[in-house]
Amino acid sequence: MPLLDRSRVNPYRLYLAMRVGLSFLVATGFTTSVVYRVEAGGMNPFELLMIGTVLEVAYLVLQLPTGFLADLVSRRACVVAGYGVYAGGLVWQGLSAEFWVHLAAQVLLALGAALMSGAQESWVADETQESEMTPVYLRATQFGFIGGITGSLLSGALGSVALGLPMLVSGALMALGTAALAFVMPERHFERPAGDGKARTVLRQARAEAAAQVRASRRAARVVPGLALLLGMTFAFGLWSESYDRLSGAFLLEDIGFPTLFDLEPAMWFSLIAVVISLGGIGVTEWAARRTARLGSGAIIGMLVLFTAVALAGVVGFSLARDFWVAIVFMLLVSVARPLYEPLVNGWLVVRVEPKVRATALSARDMFDSGGQIIGGPVIGAIGTAFTLRAALLAGGAVLVPAVLCLIGMGRRAKEPEPEPEAAPVA
């Protein structure tokens with residue numbers, strides 16, 4: 001009798017547990033990473049953004065191959081492998097604060113993230129057999145905030161002992177989680193294309209599938225109203241997000257400064273800020289989940305417009321702030337709105353594309369985001385190094401304007417009647 005019957009595992013509950021665990025581990029590893037990189041590694045704004053750029057370049061290159069792998073071989077195997085590879089990238093960074101170490105480790109992080117991205121969401125869509133996935137993704141995001149709270153506090157406590165310790169502990173715990181996931185994660189509804197399972201066969205299938213899925217993606221862009229504008233919004237969002245992710249912490253640390261309250265170290269300040277952000281995120285996600293449940297997926301575009309406008313206002317206010325508490329208020333506006341993008345966009349996209357290309361479609365969405373970050377990162381990093389972090393953050397925020405315009409266009413396109421699908425060619 002097997003030690004564990006995977007058929008008894010509830011995929012929805014396991015997905016929530018995975019999201020909580022991943023959020024906890026990422027928060028543990030990265031909440032205080034900017035302090036580690038700036039104080040222990042001595043990195044400047046350009047180097048901070050180059051780390052993100054290398055991560056996004058590798059992620060962009062690996063997105064479609066891993067998406068094909070998930071659609072052709074096994075979504076479960078991709079998720080498990082992704083957790084393991086990501087754990088290695090965390091441990092490697094925790095061992096040294098050297099810029100080149102962190103730069104090289106981004107390739108491992110990118111591979112791990114690419115293996116998980118798309119495959120994880122496609123796996124739960126397959127296994128739960130739900131027709132509407134937006135509530136599932138929103139609930140998972142909400143639970144993820146809970147993991148983020150505990151991880152952020154742990155990161156601050158560990159960072160106060162040694163700045164590299166959060167990444168080491170996070171990587172070690174993720175490695176243990178990978179082993180557990182390999183035993184408990186089921187895969188009952190995935191339909192693998194016919195073949196002998198050999199690497200050469202898989203490569204041949206991948207080439208054929210790539211051509212077929214490119215055709216399917218082009219067709220989807222014509223058939224699904226607003227899909228091209230969604231990808232345009234994603235690209236603009238990527239242009240902005242890289243500058244904010246890499247420079248907002250350095251801006252607080254170097255330009256604003258922290259108050260001398262209870263003799264808290266910067267690492268603990270970042271932990272407390274992350275906790276407040278997570279608590280706010282839980283409330284906003286609950287509102288979004290209830291609104292989606294009441295109005296359906298038709299409300300998604302309106303919510304995306306609202307949250308993008310809030311993020312734009314928050315970025316401008318944060319960039320112009322001189323006082324710590326004023327900066328924190330605007331930072332909270334941005335940070336509470338941001339996590340809703342992924343579940344809302346995923347929920348909108350998953351129900352509008354064919355199930356067999358879900359992972360590839362989600363990977364394509366991520367590619368546009370990565371492309372924006374690759375282009376925006378070095379340019380905005382150069383602005384921060386040549387001028388000021390304040391100027392760099394404002395320049396990054398400016399590209400949220402076309403993101404809002406794309407979303408408004410999506411809303412108009414979604415109201416238009418959908419064109420009839422093209423007839424399949426006769427063999």
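Contact, as I shall use the word, means heavy atoms within 4.5 Å. With that settled, good morning, colleagues. The structure before you is a predicted model, and I shall begin with a residue to which that definition applies.

Trp123 belongs to helix 6, which covers residues 119-128. Setting aside residues up to four places away in sequence, Trp123 touches Pro11, Leu14, Tyr15, Met18, Arg75, Met185, Pro186 and Glu187. Its relative accessible area is 1%, and Trp123 is therefore buried. Which backbone atom lies 2.7 Å from a polar atom of the Trp123 side chain? That atom is the backbone oxygen of Pro186. Between Trp123 and Glu187 there are 7.7 Å from C-alpha to C-alpha, although 64 residues separate the two in sequence.

Let me now turn to the chain as a whole. The protein chain comprises 17 helices and 0 strands. It has 427 residues, of which 53% count as buried. If one takes the contacts between residues at least 6 apart in sequence, 86% of them join residues at least 24 apart.

A word on confidence is in order. The mean pLDDT of the protein chain is 79, and 80% of the residues score at least 70. Among the elements, helix 8, residues 165-184, has the highest mean value, 94, while helix 9, residues 199-223, has the lowest, 53. Over residues 416-427 the pLDDT is below 50, and this stretch has 8 contacts in the model beyond near neighbours in sequence. Where pLDDT is low, the predicted coordinates should not be read in detail.

I come next to the nonpolar interior. In soluble globular proteins, nonpolar side chains tend to be buried together. Here the largest nonpolar core has 61 residues. Leu230, Met233, Leu252, Phe258, Phe318, Leu344 and Trp348 are the residues with the most contacts inside this core. Which helix supplies the largest share of this core? It is helix 10, residues 227-256, with 13 residues. For Phe258, the partners outside the four-place window in sequence are Leu252, Leu253, Pro266, Trp269, Phe270, Ile273 and Phe324. Apart from this core lies another, of 33 residues, including Leu25, Tyr137, Leu181 and Met185. Met185 has already appeared among the residues that Trp123 touches.

Helix 10 also packs against helix 2, residues 33-40: the two axes come within 10 Å and cross at roughly 65°. The crossing of helix 2 and helix 10 is right-handed. On the helix 2 side, the residues involved are Val34, Val35, Arg37, Val38 and Glu39, and in helix 10 they meet Arg246, Gly249, Ala250, Leu253 and Glu254. Leu253 is thus named here and also among the partners of Phe258.

Two residues with hydroxyl side chains merit attention. Thr66 sits in helix 3, residues 45-72. Is Thr66 buried or exposed? Its relative accessibility is 6%, so Thr66 counts as buried. A polar atom of the Thr66 side chain lies 2.8 Å from the backbone oxygen of Leu62, and a polar atom of that side chain lies 3.2 Å from the backbone oxygen of Ala114. Beyond four places in sequence, Thr66 touches Cys78, Leu111, Ala114 and Leu115. Ser74, for its part, is found in the loop between helix 3 and helix 4. Ser74 also counts as buried, because its relative accessibility is 7%. Backbone nitrogens lie by its side chain: that of Ala77 is 3.0 Å from a polar atom of the Ser74 side chain, and that of Arg76 is 3.4 Å from one.

I shall close with two nonpolar residues. Leu22 lies in helix 1, residues 11-30. With a relative accessibility of 17%, against a cut-off of 20%, Leu22 counts as buried. Apart from neighbours within four places in sequence, Leu22 is in contact with Tyr83, Met116 and Met174. Leu22 and Met174 stand 152 residues apart in sequence, yet 8.0 Å apart from C-alpha to C-alpha.

Finally, Phe330 is in helix 13, residues 324-337. At 27% relative accessibility, Phe330 counts as partly exposed. Beyond four places in sequence, Phe330 touches Ala313, Gly314, Gly317 and Phe318. Phe330 and Phe318 are 12 residues apart in sequence and 5.1 Å apart, C-alpha to C-alpha. Phe318 was also named among the residues with the most contacts inside the largest nonpolar core. Thank you for your attention.

Terms used
Residues are numbered from 1 along each chain as its sequence is written. Side-chain values use heavy atoms; hydrogens and water are left out. pLDDT is the predictor's confidence in each residue, from 0 to 100. Helices (H or I, at least four residues) and strands (E, at least two) are DSSP runs, numbered from the N terminus. A nonpolar core is a set of buried Ala, Val, Leu, Ile, Met, Phe, Trp, Tyr and Cys residues joined through side-chain atoms within 4.5 Å. Buried means under 20% relative accessible area, exposed over 50%, partly exposed in between (1.4 Å probe, protein chains only). A polar contact is a pair of N or O atoms within 3.5 Å; within protein, one must be able to donate a hydrogen and the other to accept it, and residues adjacent in sequence count only if both atoms are side-chain atoms. Axes are lines fitted to C-alpha atoms, for helices over the stretch in contact, and angles run from 0 to 180 degrees between N-to-C directions. A crossing is left-handed if the near helix is turned anticlockwise from the far one by less than a right angle, and right-handed if clockwise.
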